[in-house]
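Work through the following exercises with the sequence and the model in view, and compare each result with the solution below its task.

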Amino acid sequence: MKIRVKENSWIAKIAARKLHASQVAITIGSTIYLYHCSRQDFLNNKSWTCHEVQHVKQFKQYGLVAFTFMYLWESLRKGYYNNKWEQEARAAENQPNILHGVEFI
């Protein structure tokens, strides 16, 4: 599976402001957008990388439009931290095998 990583993303900058975070990675489809984090620093942080790869897998399983809707609906209902998609991604942080077969481009 090929996953694109984009540094200095305006999309991630907006997410950082919304989340009040200094560094952000946000996944849309099969692209991970970064803000205030280099590609190398992101890839060296295996738990963070695994978290975002899980989001890529969620997008692949449900499709861009359906997953975006489900993610936003779940966030509205339960909040960001209690969102089941975020819970799945946090669980994946301790599963480095999720990175097998992944090529970052």
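**Exercise 1.** Determine whether phenylalanine 59 is buried or exposed, and describe its pairing with phenylalanine 67.

Solution. Phenylalanine 59 has 9% relative accessibility and therefore counts as buried, where buried means under 20% relative accessible area, exposed over 50% and partly exposed in between, with a 1.4 Å probe and protein chains only. Phenylalanine 67, at 1% relative accessibility, is likewise buried. The two rings form an edge-to-face pair, 4.6 Å centre to centre with 70° between the planes; rings of Phe, Tyr and Trp (its six-membered ring) pair if their centres lie within 6.5 Å, and planes under 30 degrees apart count as stacked, over 60 as edge-to-face and the rest as tilted. Phe59 and Phe67 belong to one aromatic cluster with Tyr62, Tyr71 and Trp85.

The model is predicted, so that local features need pLDDT of at least 70 and side-chain atom pairs pLDDT 80 or more, whereas totals for chains, interfaces and linings use all residues. Residues are numbered from 1 along each chain as its sequence is written, and side-chain values use heavy atoms, without hydrogens and water.

**Exercise 2.** Classify the ring pair of phenylalanine 42 and tryptophan 48.

Solution. The ring centres of phenylalanine 42 and tryptophan 48 are 5.3 Å apart and the planes stand at 75°, so this pair is edge-to-face. Phenylalanine 42 is buried, at a relative accessible area of 0%, and tryptophan 48 is buried at 17%. The count of aromatic pairs comes to six.
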